[in-house]
Structures are given as structure tokens and as C-alpha cells.
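Visitor: I'd like a quick walk through this one. Can you put it up?
Guide: Here it comes.

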Amino acid sequence: MGAYEYEHSQRYLKSWGRDVVQEAKERLIAAGKGGGDLENSLTSRVLNEGESYVVEFSMADYGTFVDKGVRGAGGKIKTGEHKGDHSGIRKYVDYNGDSLISPYRFGSGKGKKGGMETGIRSFIRKNNINRSSVTGRFIPAKSITIAIMRVLWIKGIKGVSFFQDSLMLGLSEFRLDVAPEIKEDVIDTLVTFPNIERA
């Protein structure tokens with residue numbers, strides 16, 4: 001980018017990225033999904049790509065599933081609180097405010113083998129779920145895991161749009177705030193290069 005690196009713009013972009021990450025963490029916590037690896041993995045950084053700057057956001061791989069949801073296979077559940085016919089369609093709201101169908105679905109063969117079962121078993125241990133809500137009797141973790149997996153497989157997982165919403169809010173503020181920073185950089189450029197002659 002030459003001798004002048006647009007310090008005001010860089011500083012603003014770094015601050016903006018941190019604000020988006022903080023908002024995403026707060027929305028994740030509000031959705032009951034905070035306090036774990038996903039929240040801790042959320043970061044941002046500014047990259048100099050020659051003639052432009054890029055704000056890069058990172059999170060744990062499964063974060064995008066939590067954000068955008070996962071479509072189910074659809075089908076019928078015969079008993080329990082999820083009884084009924086389900087389409088399996090799951091939607092999320094993107095950073096433009098548009099309602100979109102999740103690009104992810106169970107049964108695509110692209111997910112990590114055994115990842116779903118491992119995650120559910122961890123959830124069961126963490127929340128001490130081992131008894132029937134109806135009879136109060138003990139239920140083996142394997143049986144609970146299979147039951148939960150079947151419901152998720154059919155219904156899918158609802159996305160919470162924690163990052164999409166945060167990015168949408170961040171972009172709306174970005175458009176208002178970035179102009180003064182660019183103005184300061186333009187002024188500094190004029191000061192930095194006082195001897196440039198007009199063509």
C-alpha cells in the first residue's frame with residue numbers, strides 16, 4: 001500500500017472487528033450456548049491485502065452450524081413432545097436481514113464421522129441428563145443419545161444467528177462511523193506527502 005498505511009482506518013477496523021466479536025459472544029450467551037469452546041474461539045483480525053484491508057473473523061468449525069442451523073431429513077416422530085410430521089427445513093437470518101434456508105443438512109456425508117454422537121454425549125454429561133421426565137427412572141446415556149439423535153436427524157437444528165445478527169448490527173454502525181476515520185487518513189496523507197505536484 002506504499003509508504004502510508006492508513007493508520008486511522010486500520011485502528012478503526014480492528015476496533016470494529018472486536019466489537020462484532022463481543023456482540024456475537026453476548027448473543028451466544030443469551031441463546032444459552034455461551035461459556036464453552038465456541039465462545040472462546042471467536043476472534044477477529046485485520047489483514048493487509050495490498051491495495052485493501054480485510055477484516056477476518058474466526059470461530060470453531062461447528063460455530064457456523066450453531067449460527068445458521070442444520071436441516072433435518074424430515075419425517076414423522078410417533079411419540080413424545082416432538083410427535084408429528086416434520087419437514088426438516090431450517091432457516092436463519094443473514095447479515096442482510098434475509099431469511100435463508102440453512103446450507104447444512106444431516107445426511108450430507110460431509111460432517112465429521114461420529115461428531116454428532118460425541119457432542120450429544122458431552123451435552124448429556126454436562127447437564128446430568130439421565131432420568132425419564134415421565135417416570136423418573138434412570139436411562140442409560142446411550143439410549144438418551146440415540147433418542148436425541150433421532151429427533152435432531154428428523155427435525156434438524158435451529159440456527160440462532162448469533163454471528164449473522166452481530167455482523168448486521170456492526171455493518172449498520174460501520175457505515176456511520178467509518179467516514180470520519182477515512183477523512184483523518186486523507187488529511188494525514190496530505191500532510192505526509194506535501195511536495196506532490198499537480199499534474
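Visitor: Which residues form a nonpolar patch on the surface?
Guide: Val93, Tyr95 and Met168 do, with about 220 Å² of accessible area together. A patch takes residues with over 30% relative accessible area and no salt bridge; like charges are joined within 9 Å, nonpolar side chains (Val, Leu, Ile, Met, Phe, Trp, Tyr) within 5 Å. A salt bridge is a side-chain nitrogen of Lys or Arg within 4 Å of a carboxyl oxygen of Asp or Glu. Areas are Shrake-Rupley with a 1.4 Å probe, and for residues only the protein chains shown count as cover.

Visitor: Any caveats on the source?
Guide: This is a predicted model: local features need pLDDT of at least 70, side-chain atom pairs count only at pLDDT 80 or more, and totals for chains, interfaces and linings use all residues. Residues are numbered from 1 along each chain as its sequence is written, and side-chain values use heavy atoms, with hydrogens and water left out.

Visitor: Back to methionine 168. Where is its place?
Guide: In helix H6, residues 162-192. Helices (H or I, at least four residues) and strands (E, at least two) are DSSP runs, numbered from the N terminus.

Visitor: And is methionine 168 buried, exposed or partly exposed?
Guide: Partly exposed, because its relative accessible area is 31%. Buried means under 20%, exposed over 50%, partly exposed in between, with a 1.4 Å probe and protein chains only.

Visitor: Now the inside. Which residues of the largest nonpolar core touch the most other members?
Guide: Of its 17 residues, Trp16, Leu28, Leu38, Leu42, Phe162, Phe163 and Leu167. Helices H1 (7-30) and H6 are the elements giving two or more residues to this core. H1 gives the most, with 7. A core here is a set of buried Ala, Val, Leu, Ile, Met, Phe, Trp, Tyr and Cys residues joined through side-chain atoms within 4.5 Å.

Visitor: What is phenylalanine 162 in contact with, leaving aside neighbours within four places in sequence?
Guide: Ala24, Arg27, Leu28, Leu38, Leu42, Met59, Gly63, Val66 and Asp67. Contact means heavy atoms within 4.5 Å.

Visitor: Switching to strands. How many bridges join E1 to E2?
Guide: 6 bridges join E1 (residues 43-48) to E2 (residues 53-58), and the two run antiparallel. Strands pair if DSSP finds at least two bridges between them. Leucine 47 has valine 54 as its bridge partner, and valine 46 stands opposite valine 55.

Visitor: What about the hairpin's glycine 50?
Guide: Glycine 50 takes a positive phi near 80°, in a hairpin with 4 residues between the strands.
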